Amino acid sequence: MESDKPGDCRKCGMALEQNPAWTPPPLGRPVYSCPMHPEVVQDHPGDCPKCGMALELITPMAPPEDEGNAELQDMTRRFWVGALLTLPVFFLAMVHMVPALARQPWADGEISRWLQFVLATPVVCWAGWPFFRRGWRSLLSRHWNMFTLIALGVGAAYIFSVAAMLVPGLFPHAMQHGGKVGIYFEAAAMIIVLVLLGQVLELRARSRTGNAIQALLNLAPPTARRVTAETDQEVPLDHVQVGDLLRVVPGDKVPVDGVLVEGHSSVEESMLTGEPLPVEKNVGDKVTGGTVNGTGSFILRAERVGSDTLLGQIVKMVAEAQRSRAPIQALADRVAGIFVPTVLAVALITFLLWMGWGPEPKLAYALVNAVAVLIIACPCALGLATPMSIMVGVGRGAQAGVLVKNAETLERLEKISTLVVDKTGTLTEGRPRLVEVLPQGGFDAKELLRLAASLERNSEHPLAAAIVEGARQQNSGVASVQGFRSVTAGGVLGSVEGRSVVVGKPGFLRSENITGLEPLEASAAKLQEEGRTAVFVAVEGRPAGLLVIMDPIKATTPEAIRELHALGIRLVMLTGDNARTAAAVAGQLGLDAVEAEVEPAGKVAHIKKLRAEGRHVAMAGDGINDAPALSEAEVGIAMGTGTDVAMQSAGITLVKGDLRGLAKAIRLSRATMRNIRQNLFFAFLYNALGIPVAAGLLYPFFGLLLSPILAGAAMSLSSVSVITNALRLRKTKL
């Protein structure tokens with residue numbers, strides 16, 4: 001179902017909820033959906049067919065100025081009118097409990113009874129009309145829900161009272177006192193008003209669950225300054241195209257993702273890192289839409305615009321995650337599926353028991369207690385317990401730079417005991433750089449670098465990029481290559497200016513019949529023990545030297561490792577690098593285990609092995625070669641600085657590529673799942689205690705009965721309490 005106006009979900013009756021991150025369909029049509037049942041989507045307002053609540057707008061477009069939250073406005077209006085009319089009804093019904101007024105002839109006279117009838121009728125028939133409409137639809141669709149119970153309960157109390165007013169002779173003599181039958185207009189009216197109050201409070205609380213998404217959307221400025229030949233032109237943000245030159249002045253928000261082509265500045269990237277420290281930006285550096293420019297001015301070339309920007313991808317991912325369902329919700333769904341029929345059966349049994357064994361007037365007692373059962377047994381709190389926590393938790397993660405793909409990932413992450421990490425780009429900066437050239441056998445260092453860089457220019461490997469960049473910085477130049485061939489996890493070879501060149505690991509060189517590598521291997525061993533990587537080069541079939549490359553450990557990695565260990569996580573490094581370099585890095589960081597010289601397929605096999613041992617495994621990586629392992633792990637974690645393939649394969653994306661974000665993600669997962677369990681416990685406990693009390697369980701022992709009015713108040717506040725508890729996640733410290 002899709003909808004462009006407010007309304008109710010036809011399946012569950014809940015209000016369709018506005019999710020500002022929803023990607024609108026063609027032509028920008030608004031879409032409405034149910035927060036409890038995200039599969040319910042339509043293009044016009046209505047009720048959820050499952051739970052009966054009003055569908056809410058989930059498109060990113062702002063509603064018309066005169067519309068706002070139509071459901072909240074309507075419920076608020078009905079509440080205030082209903083409350084003003086119900087107050088005198090309640091006073092007239094309870095006046096007999098005030099000694100000074102109880103003896104007045106009007107206290108229980110016909111005028112009082114008719115006034116209650118006249119005042120309560122618009123409350124029930126107008127203010128409570130949405131509940132009766134949703135209840136009727138639930139009966140027709142056979143999706144019984146909370147509004148089924150409300151409509152039956154209030155309807156029974158009101159119809160009973162109307163019949164007692166108009167045709168009292170239909171009732172047994174035992175129910176008549178002076179020819180009058182007791183009426184319950186105050187109960188019917190008060191229940192409507194209390195349910196309306198609960199709806200108003202709930203709608204207001206639910207509107208705050210989407211604050212994180214709205215805050216993300218507000219990060220993007222509405223306009224941008226496009227640089228033209230004549231002058232700067234301010235244009236709407238959605239008019240910016242890839243390749244446009246945009247000027248960003250001090251204090252402005254960066255409009256789109258791009259690269260600096262002129263000027264320099266410091267940019268505050270707290271939307272990515274959660275830290276307010278500015279980052280220096282110079283020509284050639286990339287900037288992200290939504291970040292805030294400091295004191296400098298610069299011109300950027302737009303590279304990604306609209307939904308393709310990092311901010312757009314974040315909003316889309318958060319929106320989809322908020323609408324996903326966690327496995328734990330299946331329990332609530334199973335209970336909800338049999339809940340309403342069970343409550344109806346309990347209400348019927350309550351009615352029959354009171355009619356058979358209750359005191360006189362039996363019918364009145366039977367009716368009041370059956371109505372109390374119907375009213376208090378609201379399944380709404382049970383249905384909201386999981387989705388509200390997921391919505392708030394995912395939004396809180398986005399604010400901290402932790403993007404959750406779906407609710408299932410968030411639930412799985414709580415159980416993770418072992419984290420498998422790649423080295424390059426995950427523990428290290430992922431920007432290897434050439435630090436030294438060690439020629440052998442009479443080769444010149446500059447010539448050796450030129451030959452190797454000529455070959456590596458055709459490779460996509462990060463080490464190849466470091467070699468090519470090193471040659472550029474040393475002005476070594478490059479030459480043309482013939483017969484280029486790349487071997488995964490081995491190296492590259494080809495002909496450079498008629499000379500055969502082989503670059504890679506020593507095993508790869510030996511497979512190409514290169515001998516005499518022992519002196520180079522001895523030198524490489526010492527370098528590797530220092531955490532450096534040595535790339536072997538052979539020219540014309542004989543060893544020519546080593547290229548020494550270093551990929552510095554990220555400054556934040558040691559702190560992240562300490563935080564993860566404190567959370568009880570075992571850390572295992574899998575890397576394609578050689579054993580000595582891997583061991584050196586693992587030793588510096590205090591990792592629990594390390595596996596080196598592992599090919600992509602080997603990473604998958606190792607994760608399968610860990611899972612077979614009964615461990616709950618997460619994998620963090622950033623490269624294309626990590627994608628299979630990310631998919632194999634129970635939870636894949638991608639560095640936001642890595643490749644799109646890795647991010648698509650992962651369940652968690654750390655926007656800044658900082659492993660400290662993983663510690664935040666684990667804390668978020670544990671807090672969210674704890675919050676969900678609190679909500680489910682409260683919802684189950686509420687019904688487990690409330691229904692028996694409403695049925696009259698305490699009456700034989702203490703003479704206590706639960707008034708339908710109190711049942712209505714408890715029912716309304718139960719949903720509000722669940723949402724309020726979920727909103728606490730917004731303040732969770734990560």
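**Salt bridges, a surface patch and backbone exceptions**

Arg-485 has a relative accessible area of 40% and is therefore partly exposed. This value, like the others discussed here, comes from a predicted model. The side chain of Arg-485 forms a salt bridge with that of Glu-512, with an N to O distance of 3.3 Å. Because Arg-485 belongs to strand 18 (residues 481-487) and Glu-512 to the loop between helix 17 (506-511) and helix 18 (518-529), the pair ties together parts that are 27 residues apart in sequence. Glu-512 is likewise classed as partly exposed, because its relative accessible area of 27% falls between the limits of 20% and 50%.

Side chains of opposite charge can pair when their charged atoms come close. The structure holds 23 salt bridges, and two further pairs show how such contacts connect parts of the chain. In one of them, the side chains of Arg-677 and Glu-414 meet at 2.9 Å, N to O. Arg-677 is part of helix 24 (residues 660-695), while Glu-414 sits in the loop between helix 13 (407-413) and strand 16 (418-421), so this salt bridge joins parts that are 263 residues apart in sequence. The two partners fall into separate accessibility classes: Arg-677, at 40% relative accessibility, counts as partly exposed, whereas Glu-414, at 19%, counts as buried. The assignment of Glu-414 follows because buried means under 20% relative accessible area.

The other pair consists of Lys-603 and Asp-422, whose side chains meet in a salt bridge of 3.2 Å, N to O. This pair also links distant parts of the chain, with Lys-603 in helix 21 (residues 600-612) and Asp-422 in the loop between strand 16 and helix 14 (423-427), 181 residues apart. How accessible are the side chains' parent residues, Lys-603 and Asp-422? Lys-603 counts as buried because its relative accessibility is 2%, and Asp-422 counts as buried because its relative accessibility is 7%. Elsewhere, salt bridges are joined into a network, which links Glu-447, Arg-450, Glu-497 and Arg-499.

The surface also has a nonpolar feature. Trp-114, Leu-166, Val-167 and Leu-170 make a nonpolar surface patch of about 410 Å². Trp-114 lies in helix 3, which spans residues 110-127. The relative accessibility of Trp-114 is 37%, so this residue counts as partly exposed. Trp-114 can thus belong to a patch, because patch residues need over 30% relative accessible area.

The backbone offers a further set of details. Most residues other than glycine have a negative phi, and most peptide bonds are trans. Which peptide bond is cis, with omega near -10 degrees? The bond in question runs from Glu-360 to Pro-361. Pro-361 is placed in the loop between helix 10 (329-357) and helix 11 (362-376).

Two asparagines depart from the usual sign of phi. Asn-475 has phi near 55 degrees, a positive value in a residue other than glycine. Asn-475 is found in the loop between helix 16 (462-473) and strand 18, the strand that holds Arg-485. With a relative accessibility of 64%, Asn-475 counts as exposed, because the class begins over 50%. Asn-513, which is not a glycine either, has a positive phi of about 65 degrees. The loop between helix 17 and helix 18 contains Asn-513 as well as Glu-512, the salt-bridge partner of Arg-485. Asn-513 counts as exposed because its relative accessibility is 66%, whereas Glu-512 in that loop is partly exposed at 27%.

Key
Residues numbered from 1 in each chain as written. Predicted model: local features only at pLDDT ≥ 70, side-chain atom pairs only at ≥ 80, totals over all residues. Heavy atoms only, no water. Patch = residues over 30% accessible without salt bridge, like charges linked within 9 Å, V, L, I, M, F, W, Y side chains within 5 Å. Areas by Shrake-Rupley, 256 points an atom, 1.4 Å probe, with all protein chains shown as cover. Salt bridge = Lys/Arg side-chain N within 4 Å of Asp/Glu carboxyl O. Helix = DSSP H or I, 4+ residues; strand = E, 2+ residues; numbered from the N terminus. Buried < 20%, exposed > 50% of the residue type's maximum accessible area, 1.4 Å probe, protein only.
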